[in-house]
Amino acid sequence: MVFGTPFRSWCSASEPAPKGTFQLPSEPARDTSWLRFNPLIDSSISGFDGGFGGRLLLVSNVSATKTLTLLHQSADSQAINRILVSTSLDLVIPVLNEARLVYDDITRRWRGVSVQHAIWPISIC
């Protein structure tokens, strides 16, 4: 399932982050995207639409209390949109952290590159 329209920032006062495939902007000249999430409950994402070889994706969890999980090889997304984690475990983005992904054209999956502490303070939507 693909959620919503292409956008770069997500924040909601009444809903968790959507579970399923998250649709990315598909502008061919844009090879990097930043998605900013502020979930109200612990949330998960099974994939990202719009991948092409070498596309970088920064997924930020700006919540001060809730985690965001990127699901490893989840059947909730089409194979081409799935996330592949080298440990074969779900990739948990703790509070005020971010994950970097790159789209691998050979495996046709998003690959987790790193998770690191975000460099900005708590963000208000």
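How many salt bridges does a search of the whole structure find? The search finds two, and both are described below, after a short account of the chain as a whole. The model is a predicted one, and every value in this report is to be read with that in mind.

**The chain as a whole**

The protein chain holds zero helices and 12 strands, so that its pattern, read along the sequence, is β-β-β-β-β-β-β-β-β-β-β-β. Of its 125 residues, 43% count as buried. The chain exposes about 6,400 Å², of which carbon and sulfur atoms supply 57%. Among contacts between residues at least 6 apart in sequence, 62% join residues at least 24 apart.

**Strand 11 and the nonpolar core**

Strand 11, which covers residues 97-104, is mostly covered, since six of its eight residues are buried. Strand 7 (residues 56-61) runs antiparallel to strand 11, and six bridges join the two; Asn-61, for one, has Asn-97 in strand 11 as its bridge partner.

The largest nonpolar core has 16 residues, and those with the most contacts inside it are Phe-48, Leu-57, Val-59, Leu-70, Leu-101 and Trp-110. At least two residues of this core come from each of strand 4, strand 7, strand 8 (68-70), strand 10 (91-93) and strand 11, and strand 11 gives the most, with three residues. Leu-101 touches a long list of residues beyond four places away in sequence, among them Phe-48, Leu-57, Val-59, Leu-70 and Trp-110, and also including Arg-55, Arg-111 and Gly-112.

**The aromatic cluster**

Which residues do ring pairs link into a cluster? They are Phe-48, Tyr-103 and Trp-110. A search of the whole structure finds two aromatic pairs, and the table gives the geometry of each.

| Pair | Centre to centre | Angle between planes | Arrangement |
|---|---|---|---|
| Phe-48 and Trp-110 | 6.1 Å | 75° | edge-to-face |
| Tyr-103 and Trp-110 | 5.1 Å | 75° | edge-to-face |

The pair of Phe-48 and Trp-110 links distant parts of the chain, for Phe-48 belongs to strand 6 (residues 47-49) and Trp-110 to strand 12 (residues 109-117), 62 residues apart. Phe-48 counts as buried because its relative accessibility is 0%, and Trp-110, with a relative accessibility of 0%, counts as buried too. Tyr-103 is likewise buried, with a relative accessible area of 4%. Why is the pair of Tyr-103 and Trp-110 edge-to-face? The planes of the two rings stand at 75°, and planes over 60 degrees apart count as edge-to-face.

**The two salt bridges**

One salt bridge is formed by Arg-100 and Glu-98, whose closest N and O atoms are 3.5 Å apart. Is Glu-98 buried or exposed? Glu-98 is buried, with a relative accessible area of 4%, whereas Arg-100, at 37% relative accessibility, counts as partly exposed.

The other salt bridge is formed by Arg-111 and Asp-104, with the closest N and O atoms 2.8 Å apart. Arg-111 is partly exposed, its relative accessible area being 30%, while Asp-104, at 18% relative accessibility, counts as buried, because the cut-off for buried is under 20%.

**Two partly exposed residues**

Val-115 is found in strand 12 and counts as partly exposed, at 34% relative accessibility. Leaving aside residues up to four places away in sequence, Val-115 touches Leu-91, Val-92, Pro-94, Asn-97, Glu-98 and Ala-99, so that Glu-98, the salt-bridge partner of Arg-100, is one of the residues in contact with Val-115. Val-115 and Leu-58 are 57 residues apart in sequence, and their C-alpha atoms are 9.7 Å apart in space.

Where does Leu-40 lie? Leu-40 lies in the loop between strand 4 (32-38) and strand 5 (43-45), and at 40% relative accessibility this residue counts as partly exposed. From C-alpha to C-alpha, Leu-40 and Thr-65 are 8.2 Å apart in space, while in sequence they are 25 residues apart.

Note on methods
Residues are numbered from 1 along each chain as its sequence is written. This is a predicted model: local features need pLDDT of at least 70, side-chain atom pairs count only at pLDDT 80 or more; totals for chains, interfaces and linings use all residues. Side-chain values use heavy atoms; hydrogens and water are left out. A salt bridge is a side-chain nitrogen of Lys or Arg within 4 Å of a carboxyl oxygen of Asp or Glu. Buried means under 20% relative accessible area, exposed over 50%, partly exposed in between (1.4 Å probe, protein chains only). Helices (H or I, at least four residues) and strands (E, at least two) are DSSP runs, numbered from the N terminus. Rings of Phe, Tyr and Trp (its six-membered ring) pair if their centres lie within 6.5 Å; planes under 30 degrees apart count as stacked, over 60 as edge-to-face and the rest as tilted. Two strands pair if DSSP finds at least two bridges between them. A nonpolar core is a set of buried Ala, Val, Leu, Ile, Met, Phe, Trp, Tyr and Cys residues joined through side-chain atoms within 4.5 Å. Contact means heavy atoms within 4.5 Å. Accessible areas come from the Shrake-Rupley method with a 1.4 Å probe; for residues, only the protein chains shown count as cover.
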